[in-house]
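Me: I'm new to reading protein models and would like to learn how the descriptive words are earned. Could you go through some of them with me?

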Amino acid sequence: MICILEAKFRLSDLLRVLPITTATFYYWKRQFNQITENEKIQDLILYIWNSDKHMGVRRITSELKTKFDLKVNHKRVHRLMQELNIQGQGFRGKARKYDSSKGPEGKRVKNHVKRRFTAKYPHQKMTSDVTEFRIPGDDQTDLFGADYGSL
């Protein structure tokens, strides 16, 4: 804005009216004429990303550090990639949940307990731990004397 006014008026008159110093004016004029460091990094990010569109923030950050000897943080790379509207393709889906079916050829296991967790005598209802992750401890539980908090 002030550069446009500089073409019409003398700089000394503009600085007398505006509340900035001469050094501040020349500082910002020089800043607007230079390509910022972020724009240089954005160009490098686009160059790396166009070579392999599967590269995400972490891999692009490591490429910038190793190939271009830039000391850049992954948070800055993430912000610049968001400004460029690019992201690594693939590997963004959530992990698949556990499913007890064996696929199209198998059958889904039936629910015989049907939330009736009490048993009238020992070994009437036996259960097993069917979690997706291995938990150390006993694998089988007898519902006759079971602790209900662990179910």
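Below is a short conversation about the words used for this structure.

Me: What should I know before we begin?
Reply: This is a predicted model. The chain has 6 helices and 2 strands, and along the sequence they follow the pattern α-α-α-α-α-α-β-β. Of the 151 residues, 17% count as buried.

Me: Why is I20 called partly exposed?
Reply: The relative accessibility of I20 is 32%. The label "partly exposed" covers values between the 20% limit for buried and the 50% limit for exposed, so I20 at 32% counts as partly exposed. I20 sits in the loop between α2 (11-17) and α3 (22-33), and together with V17 and L18 it makes a nonpolar surface patch of about 250 Å².

Me: And why does K67 count as exposed?
Reply: Exposed means over 50% relative accessible area. K67 has 61% relative accessibility, so K67 counts as exposed.

Me: K67 has a charged partner, I think. What makes the pair of E63 and K67 a salt bridge?
Reply: Their closest N and O atoms are 3.3 Å apart. The cut-off is 4 Å between a side-chain nitrogen of Lys or Arg and a carboxyl oxygen of Asp or Glu, so the pair of E63 and K67 qualifies.

Me: How do you know that D52 and R59 form a salt bridge too?
Reply: The N to O distance between their side chains is 3.5 Å. That value is within the 4 Å limit, so the name fits. D52 has a relative accessible area of 25% and R59 has 43%. Both values lie between 20% and 50%, so D52 and R59 are each partly exposed.

Me: What makes R79 and E83 a salt bridge, and how many residues apart are they?
Reply: The closest N and O atoms of R79 and E83 are 3.5 Å apart, and because this is within 4 Å, the pair counts as a salt bridge. R79 and E83 are 4 residues apart in helix α6 (residues 74-83), which means they are separated by about one helical turn. R79 has a relative accessible area of 36% and is partly exposed; E83, at 49%, is also partly exposed, because exposed needs over 50%.

Me: Which residues are joined into one network by salt bridges?
Reply: R10, D13 and R16 are joined that way, through salt bridges that share partners. The structure holds 6 salt bridges.

Key. Residues numbered from 1 in each chain as written. Predicted model: local features only at pLDDT ≥ 70, side-chain atom pairs only at ≥ 80, totals over all residues. Heavy atoms only, no water. Patch = residues over 30% accessible without salt bridge, like charges linked within 9 Å, V, L, I, M, F, W, Y side chains within 5 Å. Areas by Shrake-Rupley, 256 points an atom, 1.4 Å probe, with all protein chains shown as cover. Buried < 20%, exposed > 50% of the residue type's maximum accessible area, 1.4 Å probe, protein only.
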